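Me: I'm new to this structure and would like a close look at a single part of it. Could you pick one spot and walk me through it slowly?

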Amino acid sequence: MSDSEKRYFIKDYDFSSFLNNLMESENLVGPIAKKNKFVFGKINKTEDLRLDYDITILPPKKFFFPPAQKLIEFDGENYRDCIDPQKMVLFGVHFYDIKSLDMTDFFFSEGQPDNNYLANREAATVIGSSVQKISERAFWGSIGRDVKPKGHDGFLTRLGDTGYVYDVTSYKGEALLTYGNFRNATKEEISKAEKVNEDIMHQCNAQLPFPTDKLAEKVRAEFKNEELWDELAEKCFSCGTCNTVCPTCYCFDVHDKWNLDQKSGSRIRYWDACLTSEFAQVSLGSGTSENFRNTRGERFRHRIMRKAVYLNDKLGGPACVGCGRCSTSCTADIADPVGVYNRIMELEKEAEIAARKSQNIFMPRKAMILRAEQTTATERHFTLKMADGSSVHFEPGQMLEVSLFGYGEIPIGYASSPTRTRTFDIVVRSVGRVSKALNKLEVGDSMFVRGPLGHGFPLDKLRGQNILIVAGGIGLCPTRSLIQYILDRRDEFYNFSLFYGTRSPSERMFLEDLKSWDKSPEIDFFETVDTAEKSWKGNIGVITTLFKKKALTPDTRVIICGPPIMYKFVIKELDTLDIDHGNIYVDLERRMKCGIGKCGHCQINDKYVCKDGPVFPFSEIEDLEEAL
Amino acid sequence: MAKPKVGFFDFSSCEGCQIELTNYGDADFVELLNHIDIVEFREAMSEKAEHLDIACIEGSFTRKEERTRLEAIRKRSDVVISFGACASTGGINALKNHQTDFQEYVYGKDAGAAHLQSNAKALPIDGAIKVDYKVFGCPMDKYEFLNIISSLLHGKTPEIPDYPVCVECKRNETICRFQEGDHCMGMVARAGCGAPCPEAGIPCEACRGFISNPNEASLVQVLIENGMPEERARNKSRIFTNAMRSDA
Ligand SMILES: Cc1cc2nc3c(=O)[nH]c(=O)nc-3n(C[C@H](O)[C@H](O)[C@H](O)COP(=O)(O)OP(=O)(O)OC[C@H]3O[C@@H](n4cnc5c(N)ncnc54)[C@H](O)[C@@H]3O)c2cc1C
Ligand code: SF4
Ligand code: SF4
Ligand code: SF4
Ligand code: SF4
Ligand code: SF4
Ligand code: FES
């Protein structure tokens, strides 16, 4: 069956009769209002169903793994199980909750399958629906993007007021077709639906500071940092709310209870919470006990480890779907995973600063030249490696001071991505004393470097967005770092376009890169030269002429790097597209000596380009008289 | 097995907890009587017995002479259960503990009368004698009481929650009071009640007392962050927890 055969369309006009038929024949459950919040509950009339909900207080796991679930009923010596699945159609589940159901499906099936859960799950038809409103603390746009929603039976995507595309993913989902006036969806409707679901991924307020693959590594590295966990958990009430509301928490406790007759009774399981103080406590007899996670910090750490680290191998990604329920529900407002990861990120920076404090800030380190290539008449492209073999950690857009003793030190941007570690590239244009001396060096020679310095491109603000890079001339060097980065982590970004302009074909750099970008479906690459001989087959004209070639949405994040004159014209062009100045990033060049905010050379009004930049949001500097 | 002999005693309290006990509904209460022998129950009968399997004590210890009575009960009972907030945590009675003018305030010109004199502090029963199990709540939850008796009948240690009310509140999928611009003490209050108060749209006042390790500092901070003046945040809901505060 091809994709289009499994996708149907139902008009908005027909939707309520579809719901009515469903309600009459099935036990229909979906998002309903509870005051100004939402919960999954029984749909008794079509107006009850609120597909415009942002999030429910409890996740849908409650239907399959109820907060209190009888496992066994006993009467003296007799006992029986209580598995009694009720058929239901669970309607309107957002994709992140579908992902979480897939996780609990996995947990309850692995090893010895737990039929108390699985039977309920089996009896349900789960129909997803597109997110129409985003809950304030959700961050599903930036976590576990590689883990795709699955295990549901159908998925409805709302196409404005026209209707819904219904994506059938199982025979149970197929069975619902008989209740409504469905027809095959057209190609256009299908691609619109895909766009709706893709677009919403970029609209969460909250975003993770690390890409998902770095998450586990960074969080785990802090395991022994007791101070950190105690600090994070200082306000914790051990109330377990962050567990109770989490769609991927599945721990439980079991209690036996007698009925009034003192003969019969039941064995019941309850949702448990690893944040509560008794969770890991064992009795040692004679009234003493031992708690394996005695402090708030230890318990807090356990949850974060479980969400970000422990289960990743089994699940292929973090055990957190980014629903933000814990963030919203924690009365102390400390449970938010994004906050925790941000704190870990800060620690890294603090450690770096502390390490630098103990050094002479002007001491460079030796780097070996692994490759040296004259790319144009004046530019030389070097690949370097630290002489002590250490890897280099930097962000695209950061720079370093490069020097030769006796000649001097100059600021140069990184021209390769940090995703390709151990080596890094720089390109030096011969203009004066230092640059000319550097450009005489050959493979096997060494130079001296100090960095990374400054702030690069704001990756956390770029992730999940449409990106346009406008590079003029040598401006392609620092942006190449970002281009490579995006291509290496392509699925973390949305549409990606690159405009590159040079004065003439002979000034074009990175010829092999240009060729491969031109062919790649991952990047919309457009190039132009100001003037050229007849032999030039490409575009001729200034860089702004490229704007005609590509439709850009107003939410596009734009990076501009090139000669000063270029900025004004490019920004004029962006204004006609209604692009917010806060979403435009410019990479500035100034005379620099120290690179660390001391010498004063690079100062623009109250900002130091070396320390506060060289990358700035345009909105931050547009009113500074000295900036552009 | 002979039916255990159970006695009920009351000290400084409103006797609301005893009334709650008889609120089971006739059938349930009669069923309970099939399993225990009530030999002393001030509300219901006045027989005296020598040895008791279980003594259930209601009310706080707040007068000197009560100590002798309590010690006598302890001596002739195998198991002592304090039931209700007054008996288990000091409850409302403990509100006087950080005040000196409460007698004038309550009794006016009669404040000096001999029969109105009491200790400076109202204490839970375990302020005088060893208590084996506590049934929390104001009034106590009759089903929890039943559960505890039920466990004892079977020689099993009763399970009494030591996690906060939020756990039960969230299981009920109640909208948190804080999200409705209100405040609440569920984060430090001992669960077991099923969180009926937030469910009814009113804050939990911790009538079951604190959990074992309440984060009092955070409670004050969170109340302030949610718009409560500092002084009130510090003193919020001492009504049921005055004797359990770190400054008690
Ligand atoms: C953030 C940043 C990133 C840069 N990235 C690159 C790059 O990737 N490749 C590249 O070839 N060039 C880059 N440059 C420009 C490069 O630093 C200058 O070409 C270089 O400083 C010229 O020094 P010189 O000794 O060769 O020339 P001279 O003319 O002899 O310079 C004397 C001194 O003036 C200062 N100076 C002169 N021109 C500049 C300038 N344009 N920017 C900053 N300081 C200057 C330097 O302190 C230099 O030591 C970058 C500049 C900045 C600020
Ligand atoms: S982190 Fe927040 S929600 Fe979780 S136990 Fe602590 S106070 Fe409760
Ligand atoms: S940890 Fe928080 S954000 Fe992640 S799935 Fe659980 S409740 Fe949602
Ligand atoms: S705990 Fe409450 S209901 Fe029970 S006796 Fe004390 S004041 Fe009355
Ligand atoms: S309403 Fe009270 S008990 Fe319920 S979650 Fe909020 S703070 Fe906890
Ligand atoms: S919710 Fe709080 S105030 Fe209400 S019964 Fe429970 S402990 Fe008492
Ligand atoms: S280069 Fe010295 S202050 Fe910026």
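Reply: Here is a walk around ligand 5, followed by a short stop at a sheet in chain A. Keep in mind that this is a predicted model.

Start with where the ligand is: ligand 5 lies between chains A and B. The space it takes up is the largest cavity. Now look at who surrounds it. From chain A there is A:Thr331, and chain B brings B:Val165, B:Cys166, B:Cys169, B:Lys170, B:Cys176, B:Arg177, B:Phe178, B:Cys184, B:Gly186, B:Met187 and B:Pro198. If you sort that shell by class, you get eight nonpolar, two polar and two charged residues. Which element gives the most to the shell? That would be helix 7 of chain B (residues 165-171), with four residues.

Now hop over to the sheet in chain A. Six strands make up an open sheet here, in the order 18-17-20-15-16-19, with antiparallel pairing. Strand 18 (408-413) and strand 19 (423-429) of chain A are at the edges with a single partner strand each, so one side of each has no neighbour in the sheet. On average, neighbouring strands of this sheet are turned by 40° against each other, direction ignored.

To see one pairing up close, take strand 15 (residues 365-374) and strand 16 (residues 379-386) of chain A: they run antiparallel and are joined by seven bridges. Across that pairing, A:Glu373 stands opposite A:His381, which is in strand 16 of chain A.

Methods. Residues numbered from 1 in each chain as written. Chains lettered and ligands numbered in written order. Predicted model: local features only at pLDDT ≥ 70, side-chain atom pairs only at ≥ 80, totals over all residues. Heavy atoms only, no water. Near = heavy atom within 4 Å. 1 Å grid on protein atoms, 1.4 Å probe; cavity = no way out; pocket = protein on both sides within 12 Å on 5 of 7 lines; lining within 4 Å. Sits in = over half its atoms within 2 Å of the grid points. Helix = DSSP H or I, 4+ residues; strand = E, 2+ residues; numbered from the N terminus. Nonpolar A, V, L, I, M, F, W, Y, C, P; charged D, E, K, R; others polar. Pairing = 2+ DSSP bridges. Axes fitted to C-alpha atoms, helices over the stretch in contact; angles between N-to-C directions.
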